[in-house]
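Please look over the sequence and the three-dimensional structure shown here before reading on. The report is meant for a reader who has not met this structure before.

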Amino acid sequence: MTELTRRGTLALLGVGTLAGCSAANPLGGDDETELDGAAIRSAVAAESPRIPERLPVGVGSAHLAATRERARTLLDAVPANLGPEQVPNGAIRERIRRKREHAADSFDRAHEAPTPFERLEAFADARAEARFAAGAWRAIDEGLTREELADEADAVREDRRAFRERWQYVGGDPVAAVRVHAAIERRVDRGRADLAFGEPRRYRLGNPLGVGEIAEEIERARVAVDDAAHCYDRLVQSVDEPTALRARFVDAREALRDAFEAEREALPSVDPAKPWQVEGVDVADTPAEAALDDLYRPVDPRHDDRWGEASLARSLLWVHGSFVGLAAFASLRERVADGETFAVESAEDVAAMRSDAVEAVRTAADESSVPVLTRTMLTDAADRIGFTDDRLSDVDDDVTAARIRREVSTYLVAAARARATPAASERVAGAIRSA
Amino acid sequence: MPSITRRRALSGAVALLTGFAGCSGESSSSSSYPPEDVANVAFDPESYSLRNPRPEPTVWTDERPTPDEEGNHYWNHVFVTSADDAATVSFANVPGAADARDFIDSTDYDAATVYVEQSTVQECFAPELCHVRWSETDVHTSYARRYRDADVACETDAEDVVATLVRIPAVLDPDDISSYGSSHGSGTCERRNERIRRRANATAGTPGGAR
């Protein structure tokens, strides 16, 4: 996935809570230097940038209002406080209650979202989650069955098929178009799109949760195709004469791939199993070791299969991320070769690495000449900082350097990626525009 | 991924039957992983289950065992291999006990063995027996965890004991059985059984099941 949402990042980094982390983390190291936990907690409480996701064509207010209304209706279809009188089975009741609660959280998140695009995504989540609860509750309350949802599933499939038929890689500015088409692809890609929704999976026939499960799938598919179609229509309407872009995208990807491979080959030799190894330098147990490991992942030739991804626009964003990763890896590696280990000896060191990352994100956001690409990447970098802040916000007073090494390395990664982003954006945009 | 639980037999040191994916670390030296031989398997075998709302032994032979006062997870098994054995079996006073008695009494012990497995389960769920595998030394059961009906009053923090009486279509000598296992998953029995069928087909050298 090239579009890293905050939650995607959380999943990526979420390898367990900080408690007990050093023992379980193979990269934890054994630096028992004690740090001033209170100072770290205070440092991470400072404001950090959030780069909200944004679509270059915006989202129509009527569309947003409609999806909000649908989410509200679904939420209202389930009693907020289901009790044993309504659903005697506590496990089923609890599952429905939680789904409704998650839906309400997503609904609230939508209202707080700083951009229409993030609002759209939050309402999509709210609708799917609320639909599970509503479907399961209707199964209990009114005897709704899976079979009764079959027509609706067919209608969604048909709409998706029809949309895919009319959807073409067109646009005005090809770089902006990449971003919009990537958002569309994520919603109606084959694979995801061709889910055999309507077929029982987790629950036995007769379990109302099975009805909820299918209702949720249908809603998710419905909102995906509707949002995709909306984004597409906005894109097409935003330009006087939409031009065909597929060939351009394909050519740009090829050219960029050649360039990327040449640059990767020009790197000093890297052992993919130990990408942090730099001749003559010992970075063992420092944040640099973990950061280099992290930064190398998207550069690793073993992950090259993403280049050929059928989702054309998303693969171009992947390309962009690869260039960012390559430059970030190379620059950090160079600093390590020059003798920097980024060892953490005090809370001030942590605070400094954090502010460096924050600063790097802010600078890149301000300076980029290709904001549409840069923002997408910075959303991820900023989320990494935010996530790390969260993790460090409850460190113990006498936390050790080893224990928070992984977290500190994330600041290094975010800073390196942010700094590498504007140039990578220009390069990818240049290739797309000149292809 | 099914969650795997395996219970060590209560009597003495026993080797555990090696289970499915996710069970590394406990395999016995005498069995291979994954098991290559799944020849002795009965899908959806004849069975009968009893639910006891109290955390106590529900089926036993001879003397009634003392319930565990500490409320620990409970697991126990009983073999019934003959009509004489059957006469020594007793049941807790729970609904269905008479039918369970019939199940045991109507078994043809020249062709079958009744294996009774009982353990604590969450009150809102019912273990559904998918298959049983066995050899001269091992018995392994596989269950799908299913939700009980929506109108069954139950709470998520409460537990019952469920005893499952399984008619294994083979004459087994309990003295030779040294290893027991049971796996539980949240998927359906169809899926769990399909996996075993595929593996059995692969072992037999025939093309696998789906795909």
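What follows describes one chain as a whole, then one of its helices, then the interface between two chains, and last two residues in loops.

The model is a predicted one, and every value below was computed from it. In chain A, the secondary structure amounts to 15 helices and two strands. Of the 435 residues in chain A, 54% are buried. When contacts in chain A with a separation of 6 or more are considered, 86% of them join residues that lie 24 or more positions apart.

Helix α15 of chain A covers residues 405–434, and for its 30 residues a rise of 1.5 Å a residue gives an expected span of 44 Å, which agrees with the 43 Å that separates its end C-alpha atoms. Along its course α15(A) bends by about 40° at T421(A), and the proline P422(A) follows within four residues. Because 22 of its 30 residues are buried, α15(A) is largely enclosed by the rest of the structure.

Chain B and chain A meet in an interface to which each chain gives 17 residues. Between them the two chains bury about 1200 Å², and 57% of this area is on carbon and sulfur atoms. Eight residue pairs are in polar contact between chain B and chain A, counting pairs in which both residues have pLDDT 80 or more. On the side of chain B that touches chain A, the strands β8 (125–134) and β9 (138–147) of chain B each supply at least two residues. Two salt bridges are found across the interface of chain B and chain A, and one of them joins the side chains of E155(B) and R93(A), with 3.0 Å from N to O.

Most residues other than glycine have a negative phi. Against that background, two aspartates can be set side by side, one from each chain.

| Residue | Phi | Relative accessible area |
|---|---|---|
| D285(A) | about 70° | 30% |
| D44(B) | near 40° | 51% |

D285(A), which is not a glycine and yet has a positive phi, belongs to the loop between α10 (246–266) and α11 (287–296) of chain A. D44(B), also a residue other than glycine with a positive phi, sits in the loop between β2 (41–43) and β3 (47–52) of chain B. Is each of these residues partly exposed or exposed? With a relative accessible area of 30%, D285(A) is partly exposed, whereas D44(B), at 51%, is exposed because the cut-off for that word is over 50%.

Notes:
Residues are numbered from 1 along each chain as its sequence is written. Chains are lettered from A and ligands numbered from 1 in the order in which they are written. Side-chain values use heavy atoms; hydrogens and water are left out. Buried means under 20% relative accessible area, exposed over 50%, partly exposed in between (1.4 Å probe, protein chains only). The expected span of a helix is 1.5 Å times one less than its number of residues. The bend at a residue is the angle between axes fitted to the seven residues ending there and the seven starting there. Contact means heavy atoms within 4.5 Å. Buried area is the accessible area (1.4 Å probe) that two parts lose on being put together, summed over both. A salt bridge is a side-chain nitrogen of Lys or Arg within 4 Å of a carboxyl oxygen of Asp or Glu. A polar contact is a pair of N or O atoms within 3.5 Å; within protein, one must be able to donate a hydrogen and the other to accept it, and residues adjacent in sequence count only if both atoms are side-chain atoms.
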